[in-house]
Protein chains: 2
Amino acid sequence: MTTLSKEVGEDARYDPEPAHHPDRRGPLMNRRPGIKDVAASAGVSIKTVSRVVNAEEAVHPETRARVLHAIQQLGYVPNTAARSLKSGTGGAIGVVIDSLADPFFAALVSAIETRALTEGLSVLVASSSLDRDREREQLLSLVAGHQVAGVVFAPVASEHPYLAPYRTTTPVVAVDRSRVGIDSVVVDDRGAAALAVQQFVDLGHRRIAFFDRDERFSTIHRRMSGYLDVLRGAGIEFDPELVSSTVDGSLDYLSEAERLLGLENPATAFFASNAKAAIGLTTALHRIHRQDTAMIAFGDFSFADVLRPGVSCIDQDPFLIGNAAIERLLALREESSGEPREWIVPTALLQRGSGEIEGPAAALSVGSAASARFAEGDVA
Amino acid sequence: MTTLSKEVGEDARYDPEPAHHPDRRGPLMNRRPGIKDVAASAGVSIKTVSRVVNAEEAVHPETRARVLHAIQQLGYVPNTAARSLKSGTGGAIGVVIDSLADPFFAALVSAIETRALTEGLSVLVASSSLDRDREREQLLSLVAGHQVAGVVFAPVASEHPYLAPYRTTTPVVAVDRSRVGIDSVVVDDRGAAALAVQQFVDLGHRRIAFFDRDERFSTIHRRMSGYLDVLRGAGIEFDPELVSSTVDGSLDYLSEAERLLGLENPATAFFASNAKAAIGLTTALHRIHRQDTAMIAFGDFSFADVLRPGVSCIDQDPFLIGNAAIERLLALREESSGEPREWIVPTALLQRGSGEIEGPAAALSVGSAASARFAEGDVA
DNA sequence: TCCGCAGATGACAACGCTGTCAAAGGAGGT
DNA sequence: ACCTCCTTTGACAGCGTTGTCATCTGCGGA
């Protein structure tokens, strides 16, 4: 931005007259049209323009028409900054998720954005990268800085005390991972995992691996609970060796798969606890030509149905979750309805082949079809 | 936010007189801290606080420390609405893309968001759904309404005259599809397509299908040009029957693949012109067990490397594109450097198997390795 | 001793909008 | 004729911040 010589000319913003006030502007040259310009053009006061823009009642139809015409002609768009400055709350909602590069979250944000548009709200996205400090920074920037009309976020830290001062004015909804004291939209992790593992049991599997127990996520804890529930119910002893754990945020899926298949008493079925692990595991099984291994993934992913065999998945629909979250947020805007609670979004088990591979004990099994259910609430 | 009793006291601005003003607020109860609160707490004027917040020079170190302490203690976060109202341009950049549910665009936005954060900028996302009117609405909302500091968008309409009034103040960058008069970040569509088709020719293919020529996109036109270039260079006559076209926004990939393979003189190689078509085509070929067909996809997709054979792809890296776009935008903020131009981001051909399947004329071919190249510029 | 100057700080307006209150005009009742 | 009420409209302040200009305090040099 070199110091360009002050060419006045076309830029009517600068008039030489009043030595103070360098920017007393003339009657709109290429400046952005403001409410004042519309008012002048329509021959009314700015307040009347404001009334028209906000669809308030008491405006004479004829006046309204004149104003609308002026708006149209000037291409006037109300300034949201001024609006939110005045009202204390702006025309955007904030979304903080792990990463937009994760298709699950991308789809979730997409659902939110679509619905927000119908409410005339914009969407501010930010990513936490699973970092507590960054989460804090982003949330505060949105809530305090941008004065968003609401926040949907995939929580990282277990508590968010710094949000407290804003909770009274700004609705907050957690997604994907639930937190106490915050309305949370999650899937029935425990029940869905149980469903999958129960299917393995029913098919005669006794050595079922829990693939990738990432300690950082409470969702994974719940899925683990579902896994354990079923084992207990089926009288199968839990074997820690069948659990793979991400340590320091990384896990070599290939060698881990080889370990599980190479155990003295090897795994015959895999429950992949999240989509990333599922992709890694699928890739690994293909690489070592063990597509005969039974597997169910938590979370659908593209191409899960094209592979041979198709990968059976628990369908955790990001659109459904995003929709539930934004609906919840909009409801909270109306009235902060009672105690925060969990909102459970349903899942389904997509049978595609890999989850229907029988286990060694299949012959013995007496078709214990009565799978445990863990329905726990309804959906927004 | 009930009507707190009017404590005037330390807040000298307000005189108790005018009985109107129902919400004269006392010294910060659970109200959001503003610059005034910080000023009062630090015993300085609001201007000094402003100076500290904006890292301006002339502030005594000791004063600065006092102010910083007050900020820290009160948890003060500057109000962006007021800021952008004053400065006329806000702390966010706008991004308008086809859909966030498209992983390509999601990754692109992710790259932008990551870089924006380092500049202290937030990201407002909006989707156009490939609809011109919606594109217009979203762009105007961002530029005029939110007064964003810049816009990155995947253009839909061929012209955007309504942006003109804002171009002087708001930098604009197009991505993925280029537009005249706007700095555009795109990949070398024509060259990359040519690269792929040339590989087919070198492998002895003569019947190369162009799979899914969607007329709506200029990128597809360019890829088509690359395709035609190579055919011409190799002396192969263009056969319109080998081109699949999306009509009315949809194409039945399965039956189309069957048609191409069932021609009297059938296709032996497929160039899938975009990721969606590639996924559809791959699924189709798997379904009819014709994995022996040579194929190269424009645009990588997950699992392209896990399938058998792996799907050879032109790697069109959304992160690279997103990065180039945001860098370009930031550069434009500094100085609107000359004429808008195209910024070409490189691609690579990922050899994974499906693109290396030989054609019928392979034996005859004399290894015409001199593939045409179309290098056309550099990268941001 | 006094002036000038630089560094540090503050008073105040204004950004574009909306909430509050008041005023103007007309209809209807007495 | 007068009063009341309702509808339509406008004047004005103030949201939280920053740019402009003014003020104040020391300090070095004449």
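Across all chains of this predicted model, the count of aromatic pairs comes to 14, and this tour selects a few of them in turn.

Begin by selecting A:Phe211 and A:Phe270, whose ring centres are 6.0 Å apart and whose planes meet at 70°, so the pair is edge-to-face, given that planes over 60 degrees apart fall in that class. With the backbone displayed, you will find A:Phe211 in strand E6 (residues 208-211) of chain A and A:Phe270 in strand E7 (residues 269-272) of chain A, so that the pair links distant parts of the chain, 59 residues apart. Both A:Phe211 and A:Phe270 are buried.

Next, stay on strand E7 of chain A and select A:Phe271, together with A:Phe298, with which A:Phe271 forms an edge-to-face aromatic pair, the centres lying 6.3 Å from each other and the planes at 80°. This pair also links distant parts of the chain, since A:Phe298 belongs to strand E8 (residues 294-298) of chain A and the two residues are 27 residues apart. A:Phe271 counts as buried because its relative accessibility is 0%, and A:Phe298, with a relative accessible area of 1%, is buried as well.

Now widen the selection to A:Phe210, A:Tyr227 and A:Phe238, which form one aromatic cluster with A:Phe271 and A:Phe298. Keeping A:Phe298 in view, add A:Arg223, whose charged end sits over the ring of A:Phe298 at 3.6 Å from the ring centre.

Finally, move to chain B and select B:Arg341 and B:Trp343, where the charged end of B:Arg341 sits over the ring of B:Trp343, 4.2 Å from its centre.

Definitions and conventions. Residues are numbered from 1 along each chain as its sequence is written. Chains are lettered from A and ligands numbered from 1 in the order in which they are written. This is a predicted model: local features need pLDDT of at least 70, side-chain atom pairs count only at pLDDT 80 or more; totals for chains, interfaces and linings use all residues. Side-chain values use heavy atoms; hydrogens and water are left out. Rings of Phe, Tyr and Trp (its six-membered ring) pair if their centres lie within 6.5 Å; planes under 30 degrees apart count as stacked, over 60 as edge-to-face and the rest as tilted. Helices (H or I, at least four residues) and strands (E, at least two) are DSSP runs, numbered from the N terminus. Buried means under 20% relative accessible area, exposed over 50%, partly exposed in between (1.4 Å probe, protein chains only). A charge sits over a ring if NZ of Lys or CZ of Arg is within 6 Å of the ring centre and within 35 degrees of the ring normal.
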